[in-house]
Amino acid sequence: MKTDDVRRDIPLLDEIIYLDAASTTPTPRPVVKAMCDYFYNYNVNTGRGAYRLALRATQELDNAREIIAKFVKSDPNEIIFTKNTTEAINIVAHGIEFQKGENIVVPNIEHHSNLVPWLNLQSQGVEVRIVKADDNGIVHPETVENLVDRNTRLVSITHVSNSIGSVQPVDELGKIAEDNDALYLVDAAQSAGHMKIDAGKLGADFMVFPGHKGLLGPVGTGFLYCAHDSHGKLEPLNLGGGTVEDVTEEDFKLIEAPSCFEGGTQNIAGFIGLGAAITYLEKIGMSEVEKHTRKLTKVMYNEIREIETVRIYGSPENIYGIVSFNIDNINPHDLAKILDELKSICVRSGYHCAIPSIKHVGAYQLGGTVRASIHYYNTREEIKELGETLKQISEFMA
């Protein structure tokens with residue numbers, strides 16, 4: 001599939017220049033169609049129903065899990081449905097029985113969702129050790145290695161920074177965690193759907209994914225990859241319907257993963273839509289998506305760099321899919337509003353739910369940054385329009 005084909009499947013793109021993929025991507029028609037098919041033709045619950053529609057709904061949900069698992073090179077039983085990445089991380093944070101005196105190693109450039117749950121464990125006597133990224137937001141393996149010791153229970157890191165787009169050496173960091181018998185979590189919120197991911201080869205015990213960002217799926221969907229060997233290290237939190245094999249008045253027995261982690265009725269239509277979204281991505285080809293994103297990231301960086309009064313955060317050799325920047329004498333929120341009003345260009349502004357990261361790159365006092373983020377549906381023409389509009393605004397404000 002070509003970029004133009006994808007754009008035809010997203011009517012929203014006829015009206016705007018959408019550069020906010022790091023927050024949410026528009027949903028293509030085939031994904032919406034798959035969800036509507038559920039609502040129109042078999043809108044029933046999954047599970048133990050014996051009638052035809054219930055069997056169909058259950059099979060379609062199972063199919064979605066298999067599609068997701070194949071996409072990240074895992075087993076279906078390693079895929080736990082969640083409503084978003086934040087919930088997936090919190091399942092791990094609250095599902096591991098951390099002991100007083102243990103520590104968690106996490107960088108200072110993380111999204112709040114991959115920092116606050118760990119900070120919250122400090123009240124239980126768990127130490128949180130913060131790794132300092134370099135000036136370009138890159139976490140170097142030696143800095144992690146210096147903080148990991150025999151009491152490190154978990155190393156947790158984002159694959160691609162949501163605030164400035166810096167790509168982390170997740171393979172090397174996973175080896176450090178493994179060598180020190182620590183659990184390893186990777187936040188794939190900004191990499192899933194933008195590049196190929198092999199969860200098993202990466203060596204992560206846990207990986208967390210949103211459905212509504214790079215995967216082109218609906219909001220309210222996400223999943224947690226939990227390696228088979230780590231199932232027993234995680235206690236389910238949301239107990240009740242669908243999680244038990246047997247119950248007496250005194251006790252209960254849980255069914256095996258992943259169902260024991262998925263209490264209650266799931267977002268059936270959403271996950272069927274997510275399966276359709278991943279099928280859609282595979283029709284494009286992840287190699288094509290990655291090639292397009294890498295090229296367009298460089299184009300966007302170079303267009304914005306041409307502005308004399310601009311400051312860009314992150315290294316051009318390392319950032320992926322995201323360019324975060326400021327223009328002198330303009331508040332980032334004002335700049336985002338002006339872009340929208342002038343040319344219907346949609347970008348994100350502010351702290352990006354990553355205040356420590358924004359402080360680290362020196363943009364906190366400026367009110368954060370403007371963040372432009374892309375996907376396969378974006379074009380060179382759109383990026384050129386962004387650059388030209390930013391230049392006009394800069395010159396007017398000079």
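**Exercise 1. Find which residues form the nonpolar patch on the surface, and place leucine 239.**

Start with the patch itself: Leu239, Val247 and Phe252 make up a nonpolar surface patch, and together they have about 280 Å² of accessible area. Keep in mind that you're looking at a predicted model.

Next, track down leucine 239 along the chain. You'll find leucine 239 in the loop between β8 (222–226) and β9 (244–247).

Now check how much of leucine 239 shows. Its relative accessibility is 42%, so leucine 239 counts as partly exposed. Patch members need over 30% relative accessible area, and leucine 239 has 42%.

**Exercise 2. Work out which residues form the negative surface patch and which elements supply them.**

First, pick out the members: Glu142, Glu145, Asp171 and Glu172 form this negative patch.

Then map them onto the fold. Two or more residues each come from α6 (141–145) and α7 (170–179).

Zoom in on glutamate 145, which sits in helix α6. With a relative accessibility of 48%, glutamate 145 is classed as partly exposed.

**Exercise 3. Count the salt bridges, then take apart the one between aspartate 149 and arginine 129.**

The count for the model is 16 salt bridges.

In the pair you're after, the closest N and O atoms of aspartate 149 and arginine 129 are 2.8 Å apart. Aspartate 149 belongs to the loop between α6 and β5 (152–158), while arginine 129 belongs to strand β4 (residues 127–131), so this pair ties together parts 20 residues apart in sequence.

Is each partner buried or partly exposed? Aspartate 149 has a relative accessible area of 24%, which makes it partly exposed. Arginine 129 comes in at 18% and is buried. The cut-off that separates them is 20%, since buried means under that value.

**Exercise 4. Look at the salt bridges of lysine 175 and lysine 253, and name their partners.**

Take lysine 175 first. Its side chain meets that of aspartate 179 in a salt bridge, at 3.0 Å from N to O. Both residues lie in helix α7, four residues apart, or about one turn of the helix. Lysine 175 is partly exposed, at 45% relative accessible area.

Move on to lysine 253, whose side chain pairs with glutamate 245 at 3.4 Å, N to O. Here lysine 253 is partly exposed at 47% relative accessibility, whereas glutamate 245 reaches 51% and counts as exposed.

To finish the topic, find the network: salt bridges link Asp20, Arg348 and Arg371.

**Exercise 5. Decide where isoleucine 345 sits, and how far it is from isoleucine 16.**

Isoleucine 345 is part of strand β13 (residues 345–346). Its relative accessible area is 0%, so isoleucine 345 is buried.

Now compare sequence with space. Isoleucine 345 and isoleucine 16 are 329 residues apart in sequence, but their C-alpha atoms are 6.1 Å apart in space.

**Exercise 6. Check the radius of gyration of the chain against the value for a compact globule, then describe the chain as a whole.**

For 398 residues, a compact globule would have a radius of gyration near 21 Å; the chain has 22 Å, so the two agree.

Add the box next: the C-alpha atoms fill roughly 75 × 55 × 30 Å along the principal axes.

Then ask what share of the chain is buried. Buried residues account for 57% of the 398.

Last, tally the secondary structure, which comes to 13 helices and 15 strands.

Definitions and conventions
Residues numbered from 1 in each chain as written. Predicted model: local features only at pLDDT ≥ 70, side-chain atom pairs only at ≥ 80, totals over all residues. Heavy atoms only, no water. Patch = residues over 30% accessible without salt bridge, like charges linked within 9 Å, V, L, I, M, F, W, Y side chains within 5 Å. Areas by Shrake-Rupley, 256 points an atom, 1.4 Å probe, with all protein chains shown as cover. Salt bridge = Lys/Arg side-chain N within 4 Å of Asp/Glu carboxyl O. Lys, Arg positive; Asp, Glu negative; His and termini not counted. Charge placed at Lys NZ, Arg CZ, Asp CG, Glu CD. Buried < 20%, exposed > 50% of the residue type's maximum accessible area, 1.4 Å probe, protein only. Rg over C-alpha atoms; globule rule 2.2 N^0.38 Å.
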